[in-house]
Amino acid sequence: MAGGAASLATISTVAAQPAPPPGQTGNALERVRLVVNGDARELELDPRQSLLDVLRETLDLTGTKKGCNQGACGACTVLLNGRRVVSCLTLAAMHDGAEITTIEGLSRGEELHPLQAAFIEHDGLQCGYCTPGQIMSGVGCIAEGHAGSPEEIQFWMSGNICRCGAYPGIVAAVADAAERS
């Protein structure tokens with residue numbers, strides 16, 4: 001039993017280590033084409049880089065937040081080909097040619113996306129850290145047709161955590177935006 005626990009502890013420690021910089025890995029870089037918020041990008045990426053790290057560190061799109069980096073909190077939610085994904089668990093190199101929408105890509109100039117406006121109207125945020133992921137998940141939830149009732153919204157957005165407890169405002173904002181669309 002002790003040997004198994006020691007092995008498990010070793011695996012967890014190794015898995016938690018960040019990837020070394022591309023020049024030190026010995027792995028070949030891969031050319032990846034992504035359309036991010038409507039802009040075509042061609043990138044040379046380490047095949048182990050998460051979509052989250054590419055968005056934040058390579059493309060300087062820091063609206064997508066790194067929360068748990070384990071897929072449990074939803075702060076890093078983006079739309080990948082129109083579907084919600086947690087970008088921390090998504091390898092960018094596996095999505096050559098994909099269309100990615102981040103929180104930065106929702107508004108049109110000064111005009112907020114209807115869900116962004118609804119979050120403001122319904123006080124769907126407090127500290128704001130989870131808000132980009134909540135909004136992106138809400139956009140996906142509405143597009144998927146899962147915003148018919150507060151209970152349905154709560155169920156389909158249960159992967160997005162708000163430590164401040166702004167859930168009543170979040171659910172009200174998603175319901176309002178769904179009714180308007």
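A residue counts as buried when its relative accessible area is under 20%, as exposed when that area is over 50%, and as partly exposed in between. This scale can be applied at once to E152, a residue of helix α5, which spans residues 150-156. With a relative accessibility of 26%, E152 falls into the partly exposed class. The structure shown above is a predicted model, and the paragraphs below move from its overall plan to its helices, its cores and several individual residues.

The protein chain contains 6 helices and 5 strands. Followed along the sequence, these elements appear in the order α-β-β-α-β-β-β-α-α-α-α. The chain has 181 residues, of which 39% count as buried. Contacts that link distant parts of the sequence can also be considered. Among the contacts in the protein chain with a separation of 6 or more, 54% come from residues 24 or more positions apart.

The packing of the helices comes next. Two packed helices are described by the angle between their axes and by the distance between those axes. Helix α3, residues 114-121, packs with helix α4, residues 131-143, at an angle of about 125°, and the two axes are 10 Å apart. Angles from 65 to 115 degrees count as roughly perpendicular and those over 145 as roughly antiparallel; α3 and α4 are therefore oblique to each other. Their crossing is right-handed. On the α3 side the contact is made by L115, Q116 and F119, and on the α4 side by T131, Q134, I135, G138 and V139. Sorted by class, the residues of this contact comprise 4 nonpolar, 4 polar and no charged.

Helix α4 also packs with helix α6. In this pair the angle is about 40°, and the axes are 10 Å apart. Angles under 35 degrees count as roughly parallel, and α4 and α6 are therefore described as oblique to each other. The crossing of α4 and α6 is right-handed. Here Q134, G138 and I142 of α4 meet Y167, I170, V174, A177 and A178 of α6. The contact of α4 with α6 consists of 6 nonpolar, 2 polar and no charged residues.

These helices also take part in the interior of the model. Which residues have the most contacts inside the largest nonpolar core? They are L115 and I135, in a core of 22 residues. The elements that supply two or more residues to this core are α3, α4 and α6, the last of which covers residues 167-180. Helix α6 gives the most, with 6 residues. The surroundings of L115 can be listed individually: leaving aside neighbours within four places in sequence, L115 is in contact with I135, G138, V139, A173, V174 and A177. A second, separate core has 17 residues, among them V32, L61, V78 and A92.

One member of helix α6 is V171. Is V171 buried or exposed? Its relative accessibility is 11%, so V171 counts as buried. Apart from residues up to four places away in sequence, V171 touches P150, I153 and Q154. The C-alpha atoms of V171 and G124 are separated by 7.8 Å, although these residues are 47 residues apart along the chain. A similar description can be given for E152. The C-alpha atoms of E152 and A175 are separated by 9.9 Å, with their positions 23 residues apart along the chain. When residues up to four places away in sequence are not counted, E152 touches G145, H146 and A147.

The loops between strands deserve attention as well. N37 is located in the loop between β1, residues 30-36, and β2, residues 39-45. Phi of N37 is near 55°, a positive value in a residue other than glycine. The relative accessible area of N37 is 25%, so N37 is partly exposed. N81 occupies the loop between β3, residues 77-80, and β4, residues 83-86. N81 likewise is not a glycine, and its phi is positive, at about 50°.

A further loop residue is S87, placed between β4 and β5, the latter formed by residues 98-101. Where does S87 stand on the scale introduced at the beginning, buried or exposed? S87 has 0% relative accessibility and therefore counts as buried. Excluding residues up to four places away in sequence, S87 touches S50, L51, L52, T64, C76 and V78. V78 has appeared already, as one of the residues in the second core.

Methods:
Residues are numbered from 1 along each chain as its sequence is written. This is a predicted model: local features need pLDDT of at least 70, side-chain atom pairs count only at pLDDT 80 or more; totals for chains, interfaces and linings use all residues. Side-chain values use heavy atoms; hydrogens and water are left out. Axes are lines fitted to C-alpha atoms, for helices over the stretch in contact, and angles run from 0 to 180 degrees between N-to-C directions. Helices (H or I, at least four residues) and strands (E, at least two) are DSSP runs, numbered from the N terminus. A crossing is left-handed if the near helix is turned anticlockwise from the far one by less than a right angle, and right-handed if clockwise. Contact means heavy atoms within 4.5 Å. Ala, Val, Leu, Ile, Met, Phe, Trp, Tyr, Cys and Pro count as nonpolar, Asp, Glu, Lys and Arg as charged, and the others, Gly among them, as polar. A nonpolar core is a set of buried Ala, Val, Leu, Ile, Met, Phe, Trp, Tyr and Cys residues joined through side-chain atoms within 4.5 Å. Buried means under 20% relative accessible area, exposed over 50%, partly exposed in between (1.4 Å probe, protein chains only).
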